[in-house]
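Biologist: I'm new to this structure and would love a short tour. Could we talk through its pockets and its ligand together?

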Amino acid sequence: MKKLIVGNWKMNGSLASNAELLGAVLRQLGAGPWGSDVAVCASAPYLAQLQSLLQGSGVAWGAQDVSAHESGAYTGEVSAAMLKDFGCRYAIVGHSERRQYHHEHGELVAAKARRALDMGITPIVCVGETLAEREAGYTEVVVKRQLAAVVHLLGHCSSEIVVAYEPVWAIGTGLTATPEQAQAVHAVLRAQLRVATTHADRNRILYGGSMTPANAAELLRQPDIDGGLIGGASLKAEDFVQIVNASAPVTV
Ligand code: 13P
């Protein structure tokens with residue numbers, strides 16, 4: 001399975017800096033196809049810019065959230081149909097920053113994933129434990145509960161999602177899960193997907209949390225780590241491209 005490297009720019013960027021960053025990323029990546037699939041996820045106002053700058057480049061793009069509602073009186077929300085209108089490929093759902101600051105819960109995250117899938121957009125479903133949960137020995141319980149809400153709603157369509165394991169304590173902190181810690185959780189998530197769908201071999205499970213050019217290769221070498229969801233390092237073209245290169249088998 002081809003690895004998938006996704007940049008999550010979070011609430012960063014401007015028309016000028018996005019153009020500069022993407023220009024540098026495309027230049028440094030060189031002509032595709034690359035050994036891995038590559039995408040970037042920007043804030044909603046910039047998605048049209050991504051659509052135009054990335055057209056024909058081989059780099060896909062996505063949103064950082066999507067509404068759980070189809071349409072109507074939901075001020076401030078962006079629907080899956082609107083994203084699809086622009087050719088959006090991915091939508092991150094249930095990022096820990098949304099769970100933490102916007103009180104998103106399992107059923108809501110699942111409904112968002114469903115809306116995305118209904119429009120042919122691949123949801124990137126984030127799961128992950130806090131430091132307190134890890135220290136209390138609840139890591140497996142927490143991530144399984146978070147994923148269960150989604151697979152319960154999606155059923156056999158669960159094979160169409162991307163899952164991202166992002167330990168909350170590793171996000172933006174410079175603390176990365178060790179390859180062994182990450183692999184152990186990924187294996188649990190893989191087993192859970194196998195129960196939910198007969199096509200779990202299609203699911204890509206990404207690791208996210210302080211992934212950098214220095215630790216990417218080792219993490220991405222783990223059997224159940226199928227790519228990365230990159231925050232801080234995706235804002236630096238050189239770092240992001242180095243992670244993409246670390247993810248792909250070198251072909252001569
Ligand atoms: P960092 O790579 O900045 O730790 O962020 C990870 C993340 O939250 C990606 O969604």
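Biologist: Which helix gives the most to the lining of the largest pocket?
Modeller: Please keep in mind that this is a predicted model. The largest pocket holds about 530 Å³ of space, and 23 residues line it, with Ser43, Ala44, Gln64, Asp65 and Arg98 nearest its centre. With three residues in that lining, the top contributor is helix α4 (residues 96-101).

Biologist: Which pocket does the ligand take up?
Modeller: Let's compare two lists. The residues around the ligand include Gly172, Ser210, Gly231 and Gly232. Those names also appear among the residues closest to the centre of the second largest pocket, which has about 180 Å³ of space. The ligand's space is indeed the second largest pocket.

Biologist: How many residues of the shell around the ligand are charged?
Modeller: The shell includes Asn8, His95 and Ala170, along with Lys10 and Glu166. Lysine and glutamate belong to the charged class. Beside three nonpolar and seven polar residues, the number of charged ones is two.

Biologist: How far is an oxygen atom of the ligand from a polar backbone atom of glycine 232?
Modeller: Two side chains give us some context. Asparagine 8 has a polar side-chain atom 2.9 Å from a ligand oxygen, and for an N or O atom in the side chain of histidine 95 the distance to a ligand oxygen is 2.8 Å. Glycine 232 uses a polar backbone atom instead, and its distance from a ligand oxygen is 2.8 Å.

Biologist: What share of the ligand's exposed area does the protein bury?
Modeller: Start with the ligand taken alone, which exposes 300 Å². Of that area, the protein buries 95%.

Terms used
Residues numbered from 1 in each chain as written. Predicted model: local features only at pLDDT ≥ 70, side-chain atom pairs only at ≥ 80, totals over all residues. Heavy atoms only, no water. Near = heavy atom within 4 Å. Polar contact = N/O pair within 3.5 Å; in protein donor to acceptor, adjacent residues only side chain to side chain. Areas by Shrake-Rupley, 256 points an atom, 1.4 Å probe, with all protein chains shown as cover. 1 Å grid on protein atoms, 1.4 Å probe; cavity = no way out; pocket = protein on both sides within 12 Å on 5 of 7 lines; lining within 4 Å. Sits in = over half its atoms within 2 Å of the grid points. Points joined across faces, edges and corners; volume = space filled by probe spheres on them. Helix = DSSP H or I, 4+ residues; strand = E, 2+ residues; numbered from the N terminus.
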